[in-house]
Every structure is written in structure tokens, then in C-alpha cells.
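Reader: I am new to this structure. Please take me on a close look at a single part, the second largest pocket. What lines the second largest pocket, and which residues are closest to its centre?

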Amino acid sequence: MKAKASDMHSKDCVKVAVRVRPFNKRERDAGSRCIVSMVSNSITIQDPRDSQNRRLFCFDYAYWSHSGFVRDRRGLFVPEEPGGRYADQDSVFQDLGEGILENALQGYNATLLAYGQTGSGKSYSMVGYGPNKGLVPKLCERLFEDIRENQETRQCQVFFSMLEIYNEQVVDLLSRVSRTPGGLRVREEQQRGFYVESLRTVPCESASQVAQLMEQGTRTRTTAATHMNANSSRSHMLIILQLKQIFSKESITKQSNINLVDLAGSERQRSSGSEADRLKEGTAINLSLTTLGNVISSLADAAVGRKVVHIPYRDSVLTKLLQSALGGNSRTVMIATLSPADICYEESLSTLRYAERAKRIQNRAVVNESPTERLVKELKAENARLLQRLSRLGQEGRRANDETSKTFK
Ligand SMILES: Nc1ncnc2c1ncn2[C@@H]1O[C@H](COP(=O)(O)OP(=O)(O)OP(=O)(O)O)[C@@H](O)[C@H]1O
């Protein structure tokens, strides 16, 4: 549980995973060809117009979820045969979700970002559909299991928030009151960094309570999208789990934030709306994603020693809220999702390039132990050391006295 000192100041590269989904109906109907192949952690994409043009990428994890699966009696997509290459929700969780949870339990902030074009499998990986639960519900189940198993050694509090960023406006997906015109304000404090003012944070005691809140949030998101005549795949969804752990015996409090981010579809937005809508979308909707790309590029350049004067975090709401996740105090994982189809070549190649840049980002995560508690802990240790020394000196003093009195007898 305790982070090693060497861990606390070392650089953590953003871990990147790529996942390829099965063909969808449209792709099957179009007789699409699979242009993506994977061997271990490397992935090759082939230009459908030029078979000699292949690009190879290597990532921390590569998940083949395109073929080799069956639907079992429970409705779960599982490998056709034991040990088959199909990566199911469980294996993705074991690699990515367990690590995120472990980091949060150690006191690190942790972030998981899903990036990819609309319909490439972001929501499937993050939230899941039906019995095929994704990373977020599985992570919550494991978190509350861990809390129950260790309730003798620590007390835990979990707070849940869910928000959406659309057109650079923040919408609280759990708020019971009507939407604030212009959205909620993003503020900055020196210690805390950027945060959303008046965002509802709900204390939670079980994974099922979190699941209910997520359902409520998803409903609000769909309604909001309809209300704004928008498509929810054009907004960014951010779930924040705040975890507070109190270790009374050691007088330590650890606090960590888990950010779970389902980004807007990364494809170039083609608006079917009015001229004014198109203008607005061209600037505001893409602004957060474009800025995210710029932040990632600048950080990737900085990581390879290029001179970078300015990281443009402040240019969009999303990058303000993700500042600590990108180049800051967080252990961050990105899952980039791909369609395997030839008709999606351009978008898939651009996702892979984006993911490759993200891989170079270096963060500096630290364990968030409460300083006052740490001080108490340090003072207690110092006190114990002094008492021990005093008692040793006392014994030595007594022995010396005894020796002196012996000499003078
Ligand atoms: N790994 C997978 N295995 C099986 N089916 C998948 C997988 N990934 C995605 N799918 C299916 O592909 C479809 C599109 O996936 P999903 O809704 O997750 O895309 P998305 O990227 O979140 O899209 P949007 O940006 O519109 O939210 C869904 O029907 C989903 O069930």
C-alpha cells in the first residue's frame, strides 16, 4: 500500500492502449476489409489504396477485439476458445482498470482517457453495454470490494461527480436544478488547480449506487443533447471519483482523484446544422479536442528535449480540467479505440498518431498524503525516538552513578 520514496518523484509516462472493435453493421454491409493487424503490442495499419504503404506503431497494450469471440449464455463476449486472442472486457480491466485503482489506493491521482472516432468503441470500453460492463463499473465494483475487505485498517469516503463539456460549457449531469445559463464556472486555486464551481459531488457507499448515478447522468446527457439539438458523441463526459482514506492507526489521510474521461468523437466534425451552428461547432466543440491535441504535442516535444515555451492548458475547458492528468500530478492511461475497416483508414491512422504522441508525455505523480497528518506522524516518530534516547540516557546515567558510588565506597 505504501508508495516507495523512489516511486514518488520518478517520471511516469502516460500509458497508452489501443483496442480494435468488431465490424459494425454498416461496415459488414459495405463488404469492408480489415486493414489493421496486431502482433503482441505492435499494430500495423495498411493504406487500402496502396498495400505497400503500411505503418507500424508500438504501444503499452494492444487489444484485439475484432474477431475470435462468441457470445456466451450470460450475453458476455468472450474468446472463442480458452486462451484465444480476443480481448474481452475482463482482460482490458485487469490490465488498465486494476492499475488505475491500485494507484488511487496508494494515494496517486489517476486518469483514464478514451480517445477515438465516433462509434469506435470508447463507450464500450469505458462504460460497456448490458452485461459487458466496461472499465468504470468494474473499477467501482473492485473499489467498494477493497473498501469492505480492508475496513478494519482504514476508513474510506467516496464522492462521485459527473459532468459534460459541450461548446466549452460545463453541464453538471447530476444536478437536480435546471441548467445554469452559460454552464458552470471553471475556477482555479493554487493548491487545487482548476475545478468546477458548484459541481454536485455525491457521497457513495456501493457500486450499485454509483451505477444508478451513472444512469441518471447518462439520461441527463441524452436529454441535454436533444435539447441543444446536438449529438452526445460531440461532447466530452467526465466522471470524477474522489477517494479519501483515513488510516487512524498511522494518523495518515490519503486523498486521490480518479478522472474517467470519455472524449468526444475525434473525427473531423461535419455539421448538418445551420451556418451559425457550423460556425459555433467549428470553434467551440472542436476547441477542447484541438487544444488537447496541442497540449499533447507540446508535452511530447518537451519530453524529447525540444524547447517548449508554453503549454496551452488554459485555451480550453477540457485541458484546464485535465491539467494534472497531462504532464502533472497523475498517473494517466489513454485507451485509443479503432475501427478495423478500410473505410475508416484516415481516422484510424490519425488516432494512432495521436496515441503515439500521448505515449511520450511524462507526468510526475506524488502520493497525496495530508501534510498535517504527515506532520503528526513525523512528530510522533520523533517523539518516540526522543523518549527512547531519554530512557537510554537515563539508564546510562544511572549506571554511571552506580559506578561512581562504587568507586567512592
Ligand atoms: N470491443 C468490442 N467488442 C464488441 N463490440 C464492440 C466493441 N467495441 C465497440 N463495440 C460495439 O460497437 C458499437 C459502437 O461502440 P461505442 O458506442 O462504444 O462507440 P463510441 O466510440 O463510444 O461512439 P460515440 O462517440 O458515438 O459515443 C457498439 O454497438 C458496441 O457494442
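Author: First, the terms. On a 1 Å grid over the protein atoms alone, a pocket is an open set of points where a 1.4 Å probe fits, with protein on both sides within 12 Å along at least five of seven lines. Lining residues have an atom within 4 Å of a point. Grid points are joined across faces, edges and corners, and a volume is the space filled by probe spheres set on the points.

The model is predicted: local features need pLDDT of at least 70, side-chain atom pairs count only at pLDDT 80 or more, and totals for chains, interfaces and linings use all residues. Residues are numbered from 1 along each chain as its sequence is written, and side-chain values use heavy atoms, without hydrogens and water.

Now the pocket. The second largest pocket holds about 1000 Å³ of space. Its lining has 45 residues, and Ser 123, Tyr 124, Val 127, Gly 128 and Tyr 129 are the closest to its centre.

Next, the elements. Helices (H or I, at least four residues) and strands (E, at least two) are DSSP runs, numbered from the N terminus. β2 (15-20), α4 (122-126), β10 (128-129), α5 (135-149) and α6 (207-227) each supply at least two lining residues. α6 gives the largest share, nine residues.

By class, the lining has 19 nonpolar, 17 polar and nine charged residues. Here Ala, Val, Leu, Ile, Met, Phe, Trp, Tyr, Cys and Pro count as nonpolar, Asp, Glu, Lys and Arg as charged, and the others, Gly among them, as polar.

Take α5 by itself. Its expected span is 1.5 Å times one less than its number of residues. For 15 residues that gives 21 Å, and the end C-alpha atoms of α5 are 21 Å apart, so the two agree. The buried residues of α5 (under 20% relative accessible area, 1.4 Å probe, protein chains only) include Leu 135, Leu 139, Leu 143 and Ile 147. Lys 138 and Asp 146 of α5 are buried too.

Finally, the ligand. It has 15 residues around it (a heavy atom within 4 Å). Gly 119, Lys 122, Ser 123, Tyr 124 and Tyr 129 come nearest. Polar contacts are pairs of N or O atoms within 3.5 Å. The side chain of Ser 123 has an N or O atom 2.7 Å from an oxygen atom of the ligand. The backbone takes part as well: a polar backbone atom of Ser 120 is 3.1 Å from a ligand oxygen atom. For Gly 121, a backbone N or O atom lies 3.1 Å from an oxygen atom of the ligand.

Key: Buried means under 20% relative accessible area, exposed over 50%, partly exposed in between (1.4 Å probe, protein chains only). A polar contact is a pair of N or O atoms within 3.5 Å; within protein, one must be able to donate a hydrogen and the other to accept it, and residues adjacent in sequence count only if both atoms are side-chain atoms.
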